[in-house]
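Grab a pen and work through these exercises with the model open beside you. Each task comes with a solution in steps.

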Amino acid sequence: MDLALNQRHLSQITTQITTQIADIQAISTPKYDRENTDIGIVHLGPGAFHRAHQAVYTENAMNLSGGNWGICGVSLRSATARDVLAEQDNLYTLAILDKNISYQIIGAIKEILVASEQSDEVITRMSLASTKLVTLTITEKGYCLAADGSLDLSHEDIKHDLENPTAPISAIGFIVESLKQRKLNGVKAFNVLSCDNVSGNGDKLRRAVLDYAKQFDASLRAWIDTHVAFPNAMVDSITPKTESYTIESVSKAIGLQDNWPIQREEFTQWVIDSNWQGDRPDWENVGVIFTNDVEGFEKAKLRLLNCLHSTLAYAGSLAGFETVFDVTSDKGFYQFITKLATEEIIGSFTAPKELDVTAYSHDIIQRFLNPNIRHLLAQIAFDGSQKIQMRVLPTIEDNLTLGRSTKLLSLSLACWFEFICQALKSGKEIVDPMANDFANMPALLSNDVREVIEAFLSIESIFGQTFKNNKQLKAQLVDSLTTLRIGDIKNISKIVDQL
Ligand code: CS2
């Protein structure tokens with residue numbers, strides 16, 4: 001196929017409806033004047049999730065109401081996205097693969113910069129008055145936080161930026177340096193919107209930014225504190241990484257070569273704190289929920305969807321499954337995560353009054369059974385040392401306080417322990433910012449389960465002080481890990497029954 005997706009071809013791709021057996025395929029293209037739309041948002045971390053979620057809401061907002069809300073994506077390290085998308089005018093296809101299949105060509109991203117090569121251009125873009133919002137998907141580790149939620153000043157990226165503030169490498173460094181430029185030049189501050197799976201993401205980012213600014217200039221810190229909003233937000237849409245089959249199937253469907261399409265489920269949700277002022281796209285009229293109870297929504301999502309995801313990622317990988325669909329289709333694992341959700345997660349938090357949390361939990365598990373989405377457990381297993389802090393540990397902590405069961409949560413945590421231990425023993429790569437730390441902990445190779453548990457719980461940057469001193473939890477973890485090691489995790493029901 002010689003036709004590359006680009007701006008010139010957009011007019012040729014009319015909204016085609018081709019009917020195929022059992023599903024309708026629709027292809028839509030930008031309805032706003034893309035070539036004359038200016039950039040109003042800088043997004044740090046334009047990975048798969050950003051391009052399938054926030055960029056799509058912004059696209060739909062511009063289709064509905066216009067506005068200069070073009071996005072400049074800033075890759076903090078890799079140049080791949082910039083180089084591939086530059087070949088196709090930064091256009092890409094969103095493939096929604098669910099009961100219905102549809103394709104939407106997204107034009108919201110107008111520019112992609114690579115921070116490690118173009119830091120001056122990034123700061124210039126972030127310092128322009130036309131940039132009203134900085135949004136982020138930098139994953140949990142990108143916040144450079146210490147266990148107590150403060151900025152980790154010993155983090156290598158933060159140390160670099162403190163010594164080279166005008167040529168930063170961290171998201172926080174770029175935010176503060178560009179705000180400093182705006183303050184110096186009398187340009188109104190932008191607002192900052194985190195779109196990561198981090199509880200209290202806006203609050204945590206705000207604290208980190210203020211901690212960083214304080215290292216340089218108290219007046220800059222005070223100016224940011226006064227003029228920049230950091231609303232909390234919850235984001236949700238299951239978005240596997242793009243694989244070669246995605247590129248082939250999407251290019252065939254749209255009749256043009258798209259070298260970087262994005263695939264996603266139909267379900268999508270974005271909940272943003274309503275308590276802030278500032279210019280933004282017409283998001284509320286394209287489905288974004290603005291509320292003063294983000295916390296309830298984020299707890300429901302992190303503790304249910306993401307905890308069940310991580311549980312399946314480790315338990316399912318140990319059992320030899322490859323995808324979320326495969327492992328959820330196994331009756332024993334389906335029953336395990338249903339029991340975990342029903343008996344130990346629901347009830348551990350106050351759900352938003354408008355959310356039927358039982359139905360929400362059931363729907364999440366049904367979403368895992370989407371046969372059109374090939375979501376690799378290995379992808380979800382990345383960065384477990386960061387993810388369990390948002391997804392598993394807060395529920396354990398609350399259940400211990402409330403006197404509720406933590407048996408199945410302990411099994412979930414033990415599955416992560418065993419996943420790490422088996423990777424260390426086999427020499428399999430561990431994708432985690434703490435991979436080197438684990439490799440330097442010989443106790444994790446021990447056959448003595450108690451020694452393994454003590455070693456993990458001693459990692460204060462993950463478990464703080466409380467977990468290692470809780471005898472009940474420690475006993476449950478020893479019981480879970482022992483059962484995992486002597487039993488066959490493929491028969492998860494038997495393991496659960498033995499606990
Ligand atoms: C997944 C999330 O990779 C992971 O850790 O659990 O990316 C998950 O797909 C999204 O949070 C769903 O909204």
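A polar contact here is a pair of N or O atoms within 3.5 Å. Keep in mind that the model is predicted.

**Exercise 1.** Find out which atoms of Ser237, His309 and Lys387 approach oxygen atoms of the ligand.

*Solution.* Start with His309: an N or O atom of its side chain sits 2.8 Å from a ligand oxygen, so this pair meets the 3.5 Å cut-off. Next, take Lys387, where a polar side-chain atom is 2.8 Å from an oxygen atom of the ligand. Ser237 uses its backbone instead: an N or O atom there lies 3.0 Å from a ligand oxygen. Now for the cover: on its own the ligand has 340 Å² of accessible area, and the protein covers 90% of that.

**Exercise 2.** Work out which helices each supply at least two residues of the shell around the ligand, and what classes the shell residues belong to.

*Solution.* List the shell first; among its members are Lys301, Leu305, Asn306, His309, Lys387 and Arg391. Then look at the helices: helix 10 (294-318) and helix 15 (384-391) each give at least two. Helix 10 has the largest share, with four residues. Finally, sort by class: five polar, four charged and two nonpolar residues.

**Exercise 3.** Are the residues on the two faces of strand 9 (residues 191-194) buried or exposed?

*Solution.* Split the strand by face. Asn191 and Leu193 are on one side, Val192 and Ser194 on the other, and all of them are buried. In general, side chains of a regular strand alternate between the two faces of the sheet. Then check the neighbour: strand 8 (residues 133-136) runs parallel to strand 9, joined by four bridges. Leu133 is opposite Asn191.

Technical notes: Residues numbered from 1 in each chain as written. Predicted model: local features only at pLDDT ≥ 70, side-chain atom pairs only at ≥ 80, totals over all residues. Heavy atoms only, no water. Polar contact = N/O pair within 3.5 Å; in protein donor to acceptor, adjacent residues only side chain to side chain. Areas by Shrake-Rupley, 256 points an atom, 1.4 Å probe, with all protein chains shown as cover. Nonpolar A, V, L, I, M, F, W, Y, C, P; charged D, E, K, R; others polar. Buried < 20%, exposed > 50% of the residue type's maximum accessible area, 1.4 Å probe, protein only. Pairing = 2+ DSSP bridges.
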